[in-house]
Amino acid sequence: MSSTQILLLIGAYFLVLMIISYFTGKNDSNSDFFKAGKQSPWYLVAFGMVGASLSGVTFISVPGWIEDSQFGYMQVVFGYLFGYFVVAYVLLPLYYKYNLTSIYEYLLDRFGSVSHKTGAFFFFISRVLGAAFRLYLVAIVLQQFVFDDLGIRFEFTVIISILLIWIYTNRGGIKTIVWTDTLQTLFMIIAVVLSIVLINRELDWSFGEFLASEELIPYNKFLFTDSFLERNHFIKSFIGGMFITICMTGLDQDMMQKNLTCKSLKDAQKNMVSFSLVLVGVTFLFMLLGALLFIYAGKNGISIPLMDGSPKSDLLFPEIALNSGLGLTLAITFMLGLIAAAYSSADSALTSLTTSFCVDFLNVEKRKEEDQKKVRKRTHIAMSIMLVLVIISFKYILSSNVIDSLLTVSGYTYGPLLGLFAFGILTNHKIKDKYVWVVSLLSVVIIALIANIPSSFLGGYVVGYELLPLNGLLTFFGLWLIRTRKLNPNIDQ
């Protein structure tokens, strides 16, 4: 597939998104931008959230991770499933009870302004890094397979990507996102299914023959229970996955903002449960695709592509889809899936960052009505510029598999949010609000120190995704130390 064909495909895709944006953004009000008028059909939100949760990271990085981790990532996914039920039946009722625009407003009511700002700050850092990880992955693929041939610098690729997202989210915000996410999820699922079918056809296999093949055996180990000291032990992965979901979905304005556009709590819960079940199945398909890619590469002598002189397994899928002679259908399927996967999470991230900053830091709802829209639009531009700068910096500092990096970073940034919300829900204590930022910062520092202890000092124990619940536990303990002595049993939680 030529660079020109890819550019035409990207242009056509964004034209469709902008048409959707035109119809959903006619009102251009802050109410529609932040909450979509609370009129979103639950099944539409559920289907769209699949794409937003998977993102370009899953689309490329999970298949590229198979050689190192086999199907071990499914241990984390099973933990995700349990976590989604916690979100549906513990956190969503809380958010609907308070009728929140930003979920961190709960911390303002429960503890005070410092807790509110601290929670919003950690979300802000988490989502900026998360969105940047996802967009970085797409940008390097576009750079490697399109823009390098055209002599266009990586920095320009990033700027164009963010600009396109800004254009179609500028007016409709979350109302537009609910509809574009649905289209993007559809493209992503079609892409992974067609990729599996077309590569199997090239190998002269049926899907059943692929599942029963000897070649799949080296990749298909699901459970790792040999040694609890290892990073990928089942218990550590499951618990880590559960808390990753609770934090990265349930305590994340990006994901919850879509749920809060549903008409009622019951609809939002139906959305969350159905979405979680579909997500597990779709992620498993990505794992199968990853194994199939390495099998195909081995049979055809395809090496893992290099980036800056080092092998980059994240680039194996695009290398096979675009450069291995498997035909235009697979190339188009891959590009549509990649673009859909990446932008379905990046566009909602930009919208949620704008929402959180406007509501949590700028108190936009307390400003004069004629100023509210201006503040939102300026913030939207500022968030776009910030994402551009962070993504460009990743090119020079990121070296490991992107999904592994993303989940590792979440252990640092989401831990204080976990501790704050857990303390608010599980206790009826008030706290000395002015010290909350100190507790949260100390917790992150301690976790960073623990993460960098050599395994030889821990008897061979390798720290993994359990950093996140441990971070939350440390924050909870710190909040316990700064609680006020007087209990108020009538506090409304």
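1. Contact here means heavy atoms within 4.5 Å. With that in hand, take S237 as a way in, keeping in mind that this is a predicted model. S237 sits in helix 10, and its relative accessibility of 4% makes it buried. Setting aside neighbours within four places in sequence, S237 touches Q75, V76, R231 and N232.

2. Helix 10 also carries an aromatic pair. The ring centres of F234 and F238 are 5.7 Å apart, and with 35° between their planes the pair counts as tilted. Helix 10 covers residues 234-250, and the two phenylalanines are four residues apart in it, so about one helical turn separates them. How accessible are they? F234 is partly exposed at 25% relative accessibility, and F238 is partly exposed at 24%.

3. Now for a pair that reaches across the sequence. Y13 and F187 have ring centres 5.7 Å apart and planes at 50°, so they too make a tilted pair. Y13 belongs to helix 1 (residues 3-24) and F187 to helix 8 (residues 174-202), so this pair ties together parts 174 residues apart in sequence. Y13 is buried, with 3% relative accessibility, whereas F187 comes out as partly exposed at 24%.

4. If you like aromatics, there is plenty to look at: the count comes to 25 aromatic pairs. Try colouring one cluster in your viewer: Y95, Y98, Y104, Y106, F123 and F421 are linked by ring pairs.

5. On to helix packing. Two packed helices are described by the angle between their axes and the distance between the axes. For helix 6 (residues 113-147) and helix 15 (residues 369-397), the axes come within 9 Å and cross at roughly 60°. That angle makes helix 6 oblique to helix 15, and the crossing is right-handed.

6. Which residues make that contact? From helix 6 come F124, V128, L129, A131, A132, F133, L135 and Y136, and from helix 15 come M383, M386, L387, V390, I391, F394 and K395. Sorted by class, the contact of helix 6 with helix 15 has 14 nonpolar residues, no polar ones and one charged. The charged one is K395, because Lys falls in the charged class.

7. Stay on helix 15 for a moment, since K377 is found there too. K377 is partly exposed, with a relative accessible area of 23%. Beyond its neighbours within four places in sequence, K377 is in contact with D28 and N170. The C-alpha atoms of K377 and N30 are 9.6 Å apart, although these positions lie 347 residues apart along the chain.

8. A second helix pair is worth setting beside the one in point 5. Helix 18 (residues 436-451) and helix 19 (residues 467-481) have axes that come within 9 Å and cross at roughly 145°. This crossing is right-handed. Helix 18 brings V436, V439, S440, S443, V444, I446, I447, I450 and A451 to the contact, while helix 19 brings L467, L470, N471, L474, T475, G478 and L479.

9. How do the residues between helix 18 and helix 19 divide by class? There are 11 nonpolar, five polar and no charged residues in this contact. S440 and S443 of helix 18 are among the polar ones, and G478 of helix 19 is another, because Gly is put in the polar class.

10. Last, two backbone details. Most residues other than glycine have a negative phi. N99, which is not a glycine, has a positive phi of about 55°. You will find N99 in the loop between helix 4 (73-98) and helix 5 (105-110), where its relative accessibility of 49% puts it in the partly exposed class.

11. The other case is D204, also a residue other than glycine, with a positive phi near 60°. D204 lies in the loop between helix 8 and helix 9 (207-211). Buried or exposed? At 67% relative accessibility, D204 counts as exposed.

Conventions. Residues numbered from 1 in each chain as written. Predicted model: local features only at pLDDT ≥ 70, side-chain atom pairs only at ≥ 80, totals over all residues. Heavy atoms only, no water. Axes fitted to C-alpha atoms, helices over the stretch in contact; angles between N-to-C directions. Parallel < 35°, antiparallel > 145°, perpendicular 65-115°, else oblique. Left-handed = near helix turned anticlockwise from the far one by under 90°. Phe/Tyr/Trp six-rings, centres within 6.5 Å; stacked < 30°, edge-to-face > 60°. Buried < 20%, exposed > 50% of the residue type's maximum accessible area, 1.4 Å probe, protein only.
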